[in-house]
Amino acid sequence: MNDAAADIRPVLEARNVSKVFMTATHEVKALNAVSLTVSRGECLAIVGESGSGKTTFANMLLGIYPPSTGELFLDGDLLPARRTLPLRRAIQLVQQNPLSSLNPRRTVGASLRLALDVHDIGDREGRKTRIGGLLEEVGLPADFADRYPSALSGGQRQRVAIARALACEPEILVLDEPTSALDVLVQARVLQLLDELRHRRNLTYVFITHDLGVVRNIADRVSVFERGNLVEQAGTEEIFERPANAYTRSLIGAIPIITDDEEALRKKVMEKNSAG
Amino acid sequence: MRRIFYILLSNPLSVIGLVLVGTVVFSAVFADFIAPFPSHRGAVVDFSNFNQPPHWPNIFGTDLVGRDVFSRILYAYRISLILGVVVLAIAVPIGVTVGLAAGYLGGWTEFCLMRLTDVFLSIPPLVLAMSVMGLLEPTLTNGMLAVTTMWWPWYARLVYNVTRSEAQEGYVLAAEIIGASRLHVMFREILPNCVPSIVTKMTLDLGFVILIASSLSFLGLGVQAPTPDLGSMVAEGGNYLPDSWWLTVFPSLAILIAVFGFNLLGDAFRQVLGSDQ
């Protein structure tokens, strides 16, 4: 989308990262020697069907478990198996399902405040204002801080989840299918919000998805995973126009077809909506 | 909160439960004002009026030393409720902490804590309480201790199961990714989601604790004379059945009302708080 914003220096690098899970009877190779880099300010989409290893990769980025072999680097520094608080803060997550990602028994404000408290961001009084500011940044009124998640719609909850991730002031956001639990109109608005935030805050996105339509809207580059292997990596335009790999072609072939005329019409409608 | 009250009042069974529990609690708290003979809670003797069937002013009759059965039941309720509340106030925090730690931390912590819980659960409750009471002096404090020893594992088991399923929820992962401490995740994130189950069980258990405490004192291992206790009143009166039936029937009914009331209310809570999520 905006290649000029992308810094040359990789903010994130994976070198020969593999992950093997042990079950009672045999080993399952979830990820096989994946190497990739993500530049600052870039949105890298990781696509693949379920079981392709994309979630395993995301979990290792987040430090939920370490790679079996290989290394991950943040700003050129090796990411250790046990993450310190500043390293946790640097890589944050937006989950797929906003119904379960917010605690039903804590207010929106309390959920956001946790991030500020844990990382000691701002002074005690300043945190309340900051929470309001975060909510406004994701397009919600500041007084939503006193509400419980049950009083919010799916799209609003996902905006709160995004605000919570932003509260940590991360460098990298891992977006794990952030729009697939939302209906189509809400999906488009949340994607637009994510795109704005990326440019405003110079964030780096690792966007995990199986929805190639979404990829086209937001990603700069695409990495295609198939059964634990990185099978293709290229710019978004290139992937869609000249997919080199057979698996990539079959994924693209599975997108519901929209003709160019329909696509043009859709853009006009979107602009109208966002204007009004 | 108002909604919960509304749902409670729309179900006839929970209304009955509320009324029964309300009566029991009211009698216990205001025993001093309701009881026609407040002094009969202690060692009072009135041989001019002993072993009398129900009549005015002794509406539940009098016992073998001439004390008013009705007054003694009111004070027995007070003892039973204090015992129930104290037992739960000790057993619930212990059980909840054990359950949360085992369910969330997993691994060896889970193995050790839950096997310990299983050991306690495998001993029949009354036998466990009796052996504790046998080792110690049969007093009210030791009675509470005995019942507490057998009660916390049930909360450990309950909270463990809820925690195991809550730990799979996204909000736990979210807190972990943010970098929250384990204590925060356990007590501030997961615990609030266990509260409905805990409250429901506590309401049900108040009835059962009263029943167990009565059983213990029925066996002579609980509250000692002259302090009034429902279980020992039943045990004592049982020797004079069927002639002096009021000595047994009224305290038994009192136990029944308390247990029944707390059960109905607990069931009502289960429905209301269950549908809350």
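**Interface of chains A and B, and a helix pair in chain B**

In this predicted model, the contact between the chains draws 21 residues from chain A and 19 residues from chain B. About 1,600 Å² is buried between chain A and chain B, with carbon and sulfur atoms giving 57% of that area. On the side of chain A, the residues that lose the most area to chain B are Arg105(A), Arg106(A) and Leu114(A), which together account for 36% of what that side buries.

**Polar and charged pairs across the interface**

- One salt bridge is found across the interface of chain A and chain B.
- This salt bridge joins the side chains of Arg106(A) and Glu189(B), with an N to O distance of 2.9 Å.
- Nine residue pairs are in polar contact across the interface, both residues being at pLDDT 80 or more.

**Make-up of the chain A side**

- At least two residues of the side that touches chain B come from each of helix 2 (85-90), strand 6 (91-94), helix 3 (98-101) and helix 4 (108-118) of chain A.
- By class, the chain A residues that touch chain B comprise eleven nonpolar, six polar and four charged.

**Helix packing within chain B**

- Helix 2 (residues 12-29) and helix 4 (residues 69-105) of chain B pack with their axes 7 Å apart, at an angle of about 100 degrees.
- An angle of 65 to 115 degrees counts as roughly perpendicular, and helix 2 and helix 4 of chain B are therefore roughly perpendicular to each other.
- Helix 2 of chain B contributes Val24(B), Val25(B), Ser27(B), Ala28(B) and Val29(B) to the contact, while helix 4 of chain B contributes Leu74(B), Tyr77(B), Arg78(B) and Leu81(B).
- The residues of this helix contact divide into seven nonpolar, one polar and one charged.

Conventions. Residues numbered from 1 in each chain as written. Chains lettered and ligands numbered in written order. Predicted model: local features only at pLDDT ≥ 70, side-chain atom pairs only at ≥ 80, totals over all residues. Heavy atoms only, no water. Contact = heavy atoms within 4.5 Å. Buried area = accessible area lost by both parts, 1.4 Å probe. Salt bridge = Lys/Arg side-chain N within 4 Å of Asp/Glu carboxyl O. Polar contact = N/O pair within 3.5 Å; in protein donor to acceptor, adjacent residues only side chain to side chain. Helix = DSSP H or I, 4+ residues; strand = E, 2+ residues; numbered from the N terminus. Nonpolar A, V, L, I, M, F, W, Y, C, P; charged D, E, K, R; others polar. Axes fitted to C-alpha atoms, helices over the stretch in contact; angles between N-to-C directions. Parallel < 35°, antiparallel > 145°, perpendicular 65-115°, else oblique.
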